[in-house]
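Subject: Structure for you to look at

Hello,

Here is the structure I promised. Please open it alongside this note and follow the residues as you read.

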Amino acid sequence: GFCEIDKNEVRIIVESAELADSINVERAKDARDRAEKRLKREKDDSDLDRARLALARAFNRLKVAKFR
């Protein structure tokens, strides 16, 4: 994403965003666990890339959820 700061105004442009209150922590933990298992067993590069992205999303959700 991109961030632009101008005087007292901040603009953030991202593909997606989630509020801490809207994150289902248990679902994020399950997604993290699934992604970690996929990383251990996958051999195909494209599957590894998807698993890495899923793991990063899960970790980010769990980090944001702490700000509730």
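One cut-off first: an angle between axes of over 145 degrees counts as roughly antiparallel. Please also keep in mind that this is a predicted model.

**The two helices**

Start with helix 1, residues 25-41, and helix 2, residues 45-65. They pack at an angle of about 150°. Their axes are 8 Å apart. With angles over 145 degrees counting as roughly antiparallel, helix 1 and helix 2 are therefore roughly antiparallel to each other. The crossing of helix 1 past helix 2 is left-handed.

Which residues make the contact? From helix 1 come Val25, Ala28, Lys29, Ala31, Arg32, Ala35, Glu36, Arg38 and Leu39. From helix 2 come Asp47, Leu48, Arg50, Ala51, Arg52, Ala54, Leu55, Ala58, Phe59, Arg61, Leu62 and Ala65. By character, 13 of these contact residues are nonpolar and eight are charged. No polar residue takes part.

**Two acidic residues in the helices**

Asp47 sits in helix 2. Is Asp47 buried or exposed? Its relative accessible area is 17%. The cut-off for buried is under 20%, so Asp47 is buried. Leaving aside residues up to four places away in sequence, Asp47 touches Arg38 and Glu42. Arg38 is one of the helix 1 residues in the contact between the helices.

Asp33 belongs to helix 1. Its relative accessibility is 31%, so Asp33 counts as partly exposed. For a sense of distance, take Asp33 and Val10. They are 23 residues apart in sequence. In space they are 35 Å apart, C-alpha to C-alpha.

**The hairpin**

Now go to the strands. Strand 1 covers residues 2-6, and strand 2 covers residues 9-13. They pair in the antiparallel sense, over five bridges. Two pairs are easy to find on screen. Phe2 stands opposite Ile13 of strand 2. Glu4 has Arg11 of strand 2 as its bridge partner.

How many of the five residues of strand 1 are buried? The number is zero, so strand 1 lies largely in the open. Strand 2 is hardly covered either: its count of buried residues is also zero, out of five.

Two residues lie between the strands of this hairpin. Lys7 is in that loop, between strand 1 and strand 2. Its relative accessibility is 80%, so Lys7 counts as exposed. Check the backbone of Lys7 too. Its phi is positive, near 55°, in a residue other than glycine. Most residues other than glycine have a negative phi.

**The loop after the hairpin**

Last stop: Ser16. Ser16 is in the loop between strand 2 and helix 1. Its relative accessibility is 61%, so Ser16 counts as exposed. How far apart are Ser16 and Leu39 in space? The answer is 24 Å, C-alpha to C-alpha, with their positions 23 residues apart in sequence numbering. Leu39 is one of the helix 1 residues that contact helix 2.

**In short**

Helix 1 and helix 2 pack roughly antiparallel, with a left-handed crossing. Strand 1 and strand 2 form an antiparallel pair. Neither strand 1 nor strand 2 has a buried residue. Asp47 is buried, while Lys7 and Ser16 are exposed.

Best wishes

Key. Residues are numbered from 1 along each chain as its sequence is written. This is a predicted model: local features need pLDDT of at least 70, side-chain atom pairs count only at pLDDT 80 or more; totals for chains, interfaces and linings use all residues. Side-chain values use heavy atoms; hydrogens and water are left out. Buried means under 20% relative accessible area, exposed over 50%, partly exposed in between (1.4 Å probe, protein chains only). Helices (H or I, at least four residues) and strands (E, at least two) are DSSP runs, numbered from the N terminus. Two strands pair if DSSP finds at least two bridges between them. Axes are lines fitted to C-alpha atoms, for helices over the stretch in contact, and angles run from 0 to 180 degrees between N-to-C directions. Angles under 35 degrees count as roughly parallel, over 145 as roughly antiparallel, 65 to 115 as roughly perpendicular and the rest as oblique. A crossing is left-handed if the near helix is turned anticlockwise from the far one by less than a right angle, and right-handed if clockwise. Contact means heavy atoms within 4.5 Å. Ala, Val, Leu, Ile, Met, Phe, Trp, Tyr, Cys and Pro count as nonpolar, Asp, Glu, Lys and Arg as charged, and the others, Gly among them, as polar.
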